[in-house]
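This report is for a reader who is meeting the structure below for the first time. Please keep the sequence and the model in view while reading.

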Amino acid sequence: MGRDFAGKARAAMECFHHVGEMIADEIADFERLSLLPLQASKHYAFAADAGFDNQLDMLWSVLDRTPKSTGLVVTQYRNGLVSDTPLDTSVAESLRSSFPQLIYSAELEKLDSVSQYLLPHVDTIVSASSSLAMQGMAWHNAIEVIGNTFLETYATNAPSLQHISWSDRCDHTISTLVNYHQPLASAVTQDGKFLFDLLTDMSARQKAGKEGLDALSDLTQIDPNYADRLLSGFRTERSARALSVSPSPNREAKTLLQLQELIEDPATQAVSFDVFDTLICRPVERPADLYRFLDARALALTDGVAVDFGKNRALCEVQTRERLAGIKQEITLKDIYETLALYYGLPSEALADLQQAEMALEVSHSRVRVFGRKLFDLARSSKKPIYLISDMYLPHDTILQMLEKAGYDKQFEKLFLSCDHDCTKKSGALFRVVLDHLKLAPAALVHVGDNKMTDIKMAASNGIRPFRWSSAIEWQRSNAAMKTLYSPRVGSGEKSRSAIAGTTARGLYDGPLVGSQLSTLSGGDPYRLGYAVLGPLTTGYMLWLGREAARDNISDLFFMAREGWLLKEVFDKLHPSPALKLKTHYLLGSRRAIRVAACRTRADVLALLAMPYDIGVPLDVLLEGRFGLVLGHNASQRLAALGIDDRAMPIDRSFAHRQKLHAVVQDYMNEILDHAANERASYLDFLDQKGFAAAEGPAIVDVGWKANIQGALGDLIDRRTIGYYYATVQESEVWLQRGDRHRAFAGTALSAPISHSIAVQNRHLLEFMLCHSSRSLVAMDRDGEDFEPKYRKERHYVTRKSLIDPMHRGAIAFAQQFHDGFGDLMDQIHIDADLAEGALAMLVQNPHKDDAKLFVGQSFEDAVGGLPEKFIVAPDAKAAPSQSVWRQGAVAAFEKGANPTNRKKNQLDAESKPKQRLEAFLVKQMVGDRKQAKYERDRAAFFGDSQNQVVKLYWKALQRSQTQH
């Protein structure tokens, strides 16, 4: 509950990211950010608890102990009754003369409750007793407590809780607050049954002498649907109006209102719901795909006879309907298995266990459809009776078990199944059975379902008032990008593809869609982009990693910063402890920190110097970025003696400039080695604390390419290791020759220019998307017994964070949904790199304007390579294509009018219309009515399925001509 609530809180705050951008310039030069929300000095407990007479005294104390590398954002207490505002612009300027880390903005002061909008942008909350400290736990912000207050227990450095990770402490604390301490106001004031049950439970606990947490009621036990009520209760409209932000169009509210009007109509006496794809769903793309997960079980139960069971199970269902047509309107599961027995030449009893296995699989992997649940709850709130109606062959008891698992147990009056009554919704007869049983006039019943024919058309033909909400898969296929990506005609039915498409549909297309959500990967929302693109990619990679690590008997996986943060989060979601007997760690590191620390000899320094650098990089910038060498006051004389007049001299790759660069490094060799030794000592101690060197079977996990960090770490600890990567490219083999071992999801030692991998071809873009929003590590410093990371300054930190954080939350949510949907079936799902990269390929090669615009102004730097700031999509529209790493994205982002990705298609369509008219005429002359209908319905399928060699040659030639265009 804590994780879910925190996720909703973070998502709700994403539309207010511009608040952080208001102080982007002030915070750019700091390595970390803390937030100090000043309180009210006249509060009765402030002086006693905090130990200060007023807010200025507390501010001075906090500033005095805040490192110069940490920016302290200060806000003041304001509300309608009490305000305490000792700061203004002049006071802040005076304080900055002594404390340059103070960040105060008079513009921010104009916003109501501004502190909460800054929570996504800071690292630490400093407070005496403000509730903002606990709100910050939703972002896993550290808590630094002033004085002896109730918050001490929750401080990050609370000594009694150091054995629990900070993220777990945050999630557990939030879970306790929302599960036990703070019931929804609407539940208490508007739901009499909830209030009665809560008071009854609290009274019983008190009488039983319960103490501590046991004395508090678990709100999810008072109402089994409390979690859904809580998570659907977030409202951003009021804050959006106050901050002049346009909230997303609320189609969900509009849809619910439409159904509410139908249900509250006095003529409505009852409500009925379809079951499958309306109230509950399976995790797969198509229902029949679930049978594929019985293939191995079928072989085991039939001594290898039931080959390709999943495919044949679906075929036999169709055959059963044909076999029993005219005998019965609806078939049963028993009927289907009788056909299967005939198909495989086995006695019916031989398949009895398999039939039970199918029913168990359906129950264990049924899930509530989230928006369907909201529609159902709306109907429940009307107090009108609810009935369920389904065309289904599964036994009545099995459907009841599925409904119970999804949380619908005892919340409806009766379940009507087609197989129980031998009639269907599809024929309309089952609706008539329901009306007769309920003794209702047709117009007195509102029916909610997803199927256009059985739930809508047939209900209406019987006089029932229908309400349609399409299935998640149908909504997904109404999105042009998704229909292309997960075409129902290409690749469907395979377990891995079905798992990805099904998870994407459930996560993104369950509820109402708005705007470009119907046509793009993201709809302009970074979360949706992360879910659709990074979700499948990282999940495929991390599923592979779990198998490889188990095979290699790895004891500890060390995920390297910063790309490794997301990879670890996804891995842990897919392999929750103790599913795999290994430990996972996030290891702070960078090329700069590790390569410098590994420099023990002159040869090491010269090898680091030999790495490529960007043409035009200033000499002093390259030396500091690559070696940590800061040229001192006497540098001018030393450089002049080497023939260099300007420490900021731009360096190119000419032989003359390389000679000068070598001369400088040789002259400063002792300083470089001394500096490296200092950094090495601290970083080795850090590695010891993390258990890296002492681990029995350690392995590095990273995105990949040349495996330099793994190699440098091996040099640093004098131990060769194994590294797991998305892919490695040529030149990584130098580390193999030194004893390292590499495994790669998409391939090892690939030739990047000709690799078919979209990820390898677009390494900068993928690294940017995977890289955590924290700043890059420069070195690991020591502060007594503690380690204090030293980070690089970053000008566009807030801008990058506002894109990356929600994008990563989307990818993590995909992994969680994937695990929740498939669980123990994941062992059967093997996602190859091409499938994992499918959405990335669509984003890169055929970007929609709304997807590309997310990356405008997003940039990255490489200090080790002397790489100046480079934009993913440059903000200057005219120069964007030439100054952007992602050129297709730059073109799309600034295209005027129609989406550029459709421009070529429209042009080709216009050019080919006369040819298509001739083609249509010839097809009509050559084929019958059925194939003519297929041609008109799906031209590509008509030609693709044709067995005529001339027709096939024509289609191939046509495809080649369009590709050349």
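The text that follows goes through salt bridges, aromatic pairs, an enclosed helix, some backbone details and a surface patch.

The model is predicted.

**Salt bridges**

The count of salt bridges comes to 34. Three of them are set out in the table, each with the distance between nitrogen and oxygen.

| Salt bridge | N to O distance | Separation in sequence |
|---|---|---|
| Arg65 and Glu144 | 3.0 Å | 79 residues |
| Glu362 and Arg282 | 3.1 Å | 80 residues |
| Asp552 and Arg743 | 3.2 Å | 191 residues |

Arg65 and Glu144 are joined by a salt bridge of 3.0 Å. Arg65 belongs to helix 5 (residues 55-65) and Glu144 to strand 7 (residues 142-145), so this pair ties together parts that are 79 residues apart in sequence. Arg65 has a relative accessible area of 41% and is partly exposed. Glu144 is also partly exposed, at 31%.

In the salt bridge between Glu362 and Arg282, the closest N and O atoms are 3.1 Å apart. Glu362 is part of helix 20 (residues 352-364), while Arg282 sits in the loop between strand 9 and helix 17 (295-301), so the bridge ties together parts 80 residues apart in sequence. Are Glu362 and Arg282 buried or exposed? Glu362 and Arg282 are both buried.

The side chains of Asp552 and Arg743 meet at 3.2 Å, N to O. Here the loop between helix 29 and strand 15, which holds Asp552, is tied to strand 21, which holds Arg743; the two parts are 191 residues apart in sequence. Asp552 is buried because its relative accessible area is 18%, under the 20% cut-off. Arg743 has a relative accessibility of 21% and therefore counts as partly exposed.

Salt bridges also link several residues into a network, made up of Arg313, Glu317, Arg321, Glu330 and Glu358.

**Aromatic pairs**

The structure holds 26 aromatic pairs. One of them is the pair of Trp544 and Phe745, with 6.0 Å from centre to centre and 50° between the planes, and it is tilted. Which parts of the chain does the pair of Trp544 and Phe745 link? Trp544 lies in helix 29 (residues 526-551), and Phe745 in the loop between strand 21 (741-744) and helix 39 (758-761). These are distant parts of the chain, and the two residues are 201 residues apart. Trp544 and Phe745 are both buried.

Strand 21 thus appears in two of the contacts described: Arg743 of the salt bridge with Asp552 lies in strand 21, and Phe745 lies in the loop between strand 21 and helix 39.

Elsewhere, ring pairs join Phe293, Tyr527, Tyr531, Phe814, Phe818 and Phe822 into a cluster.

**An enclosed helix**

Helix 37 covers residues 708-717, and 8 of its 10 residues are buried, so the helix is largely enclosed by the rest of the structure. The buried residues of helix 37 are Ile709, Gln710, Gly711, Ala712, Leu713, Gly714, Leu716 and Ile717. Asp718, just after helix 37, takes a positive phi of about 55°.

**Backbone details**

Most residues other than glycine have a negative phi, and most peptide bonds are trans. The following places depart from this.

Asp277 has a positive phi, near 70°. Asp277 lies in the loop between strand 8 (270-273) and strand 9 (280-281), and its relative accessibility of 27% makes it partly exposed.

Lys410 has a positive phi as well, near 60°. Lys410 is found in the loop between helix 22 (396-405) and strand 12 (414-417). With a relative accessibility of 77%, Lys410 counts as exposed.

The peptide bond from Ala561 to Arg562 is cis, and its omega is near 0°. Arg562 is placed in the loop between strand 15 (556-560) and helix 30 (563-574).

**A negative surface patch**

Which residues form the negative surface patch? The patch is made of Asp781, Asp783, Glu785, Asp786 and Glu788. Strand 22 (777-783) and strand 23 (786-791) each supply at least two residues of the patch. Asp786 lies in strand 23. Asp786 is exposed because its relative accessible area is 51%, over the 50% cut-off.

Terms used. Residues numbered from 1 in each chain as written. Heavy atoms only, no water. Patch = residues over 30% accessible without salt bridge, like charges linked within 9 Å, V, L, I, M, F, W, Y side chains within 5 Å. Areas by Shrake-Rupley, 256 points an atom, 1.4 Å probe, with all protein chains shown as cover. Salt bridge = Lys/Arg side-chain N within 4 Å of Asp/Glu carboxyl O. Lys, Arg positive; Asp, Glu negative; His and termini not counted. Charge placed at Lys NZ, Arg CZ, Asp CG, Glu CD. Helix = DSSP H or I, 4+ residues; strand = E, 2+ residues; numbered from the N terminus. Buried < 20%, exposed > 50% of the residue type's maximum accessible area, 1.4 Å probe, protein only. Phe/Tyr/Trp six-rings, centres within 6.5 Å; stacked < 30°, edge-to-face > 60°.
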